[in-house]
Amino acid sequence: MDFPRLQLATLAFLTVIIQALVLDLTQVISWVLMSITLCCLAWQISWILPYTSLWKKKVRHCENDNLDSEISILTSNVLATNRNASALIKLVQKHQPDILVTLESTKWWEEQLQVIEADMPNSIKCPLDNLYGMHVYSRLPLENEQIEFLIEDNIPSMHTTIVLRTGDKVRTHFLHPAPPSPTENTESTERDVELILVAKSLADTTQPVIVTGDLNDVAWSKTTHLFREISGLLDPRIGRGMFNTFHADYPFFRWPLDHIFHSHHFELRDIQRLPSIGSDHFPLLTKLSFNPQKNNNQTISNAKPSGIEKANNIADKKPADKSDVPNPIKD
């Protein structure tokens, strides 16, 4: 029930309006019912309010014109059965991202995207037909590329070091954990374990970090809150908007499932949801500026003892035969 908080808030608001119009306001029970509905409305709003312009921005806007320090990432769950590859290619040609991340990409998608490899020659490829294929294409150099199956044997994640134009190196993780669903995982355990394992691997690092992908979780969920608390990463959407990327076909049922988090070394130049490419997800384009000297005082989440205990309990559910999250930056 973390997902439909915006929808529940909308329904609660409409319910209060209807109650005010149809109930007998001279009766105590009418005010009791309206008070209960208002409490529900306030509870739902408290979760989603940080992802509106009414909240203080978590990440500062970049005013630096040094494009050498910029990194732009286009994340797109392409939908394995979607055959409109030309729409994604046009977006890549228009926006010229430094990094393209595709989720659900199959061998067919890999073949279609060969046309961008002249401009984005560095890549990590893991085509799969099970809705968890993943590809990364980059204009920037990549080092220590790794494909890992952290929790489930058929669900990959990618880990690499991106070398910026300034020569600075950024530890980067691309994720697409399995969602809770009746046909795949009846609970969110597998998704939660993968997210928390990555968060724990980042807890004490001083390296620049970016984590992005389709996390199959909303930005305001308890798990995502815990991920940010443990990892210390920042969410550039806070104070700016929800940037709902799923479901592209149903405006009232949309949630921010495609995420990007980063360390305090970055400022935000721009973030935007791009037009549909025929998938059930909209692509998400984020431009960050590497400015570690200026950003050392940006607000960073500090893990509380209760949060650490919760994270440890979740991480303990990792399969015994699985390796730890790799650190792609070699000292």
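**Close-up views of a predicted model**

**View 1. Trp55 and its surroundings.** Trp55 counts as partly exposed, at 39% relative accessibility. The model shown here and in the other views is predicted. Trp55 sits in the loop that runs between helix 2 (28–48) and strand 1. Leaving aside residues up to four places away in sequence, Trp55 touches Leu49, Pro50, Ile238 and Gly239. Arg191 is 136 residues from Trp55 in sequence, and the two C-alpha atoms are 28 Å apart.

**View 2. Helix 6 and its burial.** Helix 6 spans residues 222–231. Eight of its ten residues are buried, so the helix is largely enclosed by the rest of the structure. The buried set consists of Thr223, Thr224, Leu226, Phe227, Arg228, Glu229, Ile230 and Ser231. These residues pack against two helices, helix 5 (189–202) and helix 8 (305–315). They also pack against strand 8 (209–214) and strand 9 (258–262). Just after the helix, Gly232 adopts a positive phi of about 75°.

**View 3. The crossing of helix 6 and helix 8.** The two helix axes come within 10 Å and cross at roughly 110°. Helix 6 is therefore roughly perpendicular to helix 8. On the helix 6 side, Leu226, Glu229 and Ile230 make the contact. Helix 8 contributes Gly307, Ile308, Lys310, Ala311 and Ile314.

**View 4. The five-stranded open sheet.** The strand order is 5-6-7-8-9, and the pairing is mixed. Strand 5 (142–148) and strand 9 form the edges, each pairing on one side only. On average, neighbouring strands of this sheet are turned by 15° against each other, direction ignored. Strand 5 and strand 6 (residues 157–163) run antiparallel and are joined by five bridges. Leu142 has Ile162 of strand 6 as its bridge partner. Helix 5 lies across strand 6, strand 7 (169–175) and strand 8. Its direction is at about 170° to that of strand 7.

**View 5. The largest nonpolar core and a second core.** The largest nonpolar core has 27 residues. Within this core, Ile71, Ile99 and Ile210 touch the most other members. Eight strands are shown around it; strand 1 (70–77), strand 2 (99–103), strand 3 (122–126) and strand 4 (134–138) each supply at least two residues of the core. So do strand 6, strand 7, strand 10 (266–273) and strand 11 (284–290). Another core, of 22 residues, lies apart from it. Among the members of that other core are Val193, Ile196, Ala311 and Val325. In soluble globular proteins, nonpolar side chains tend to be buried together.

**View 6. The contacts of Ile71.** Residues up to four places away in sequence are not counted here. Ile71 touches Asp98, Ile99, Leu140, Ile162 and Leu164. It also touches Ile210, Phe266, Thr286, Lys287 and Leu288. Two of these residues, Ile99 and Ile210, are named with Ile71 as touching the most other members of the largest core.

**View 7. Cysteines.** A search of the whole structure returns zero disulfides. Cys39 is in no disulfide, and the nearest cysteine sulfur, that of Cys40, is 7.0 Å away. Cys39 is exposed, with a relative accessible area of 54%. Cys126, in contrast, is buried, at 10% relative accessible area.

Technical notes. Residues numbered from 1 in each chain as written. Predicted model: local features only at pLDDT ≥ 70, side-chain atom pairs only at ≥ 80, totals over all residues. Heavy atoms only, no water. Buried < 20%, exposed > 50% of the residue type's maximum accessible area, 1.4 Å probe, protein only. Helix = DSSP H or I, 4+ residues; strand = E, 2+ residues; numbered from the N terminus. Contact = heavy atoms within 4.5 Å. Pairing = 2+ DSSP bridges. Axes fitted to C-alpha atoms, helices over the stretch in contact; angles between N-to-C directions. Core = buried A, V, L, I, M, F, W, Y, C linked by side-chain atoms within 4.5 Å. Disulfide = S-S within 2.5 Å. Parallel < 35°, antiparallel > 145°, perpendicular 65-115°, else oblique.
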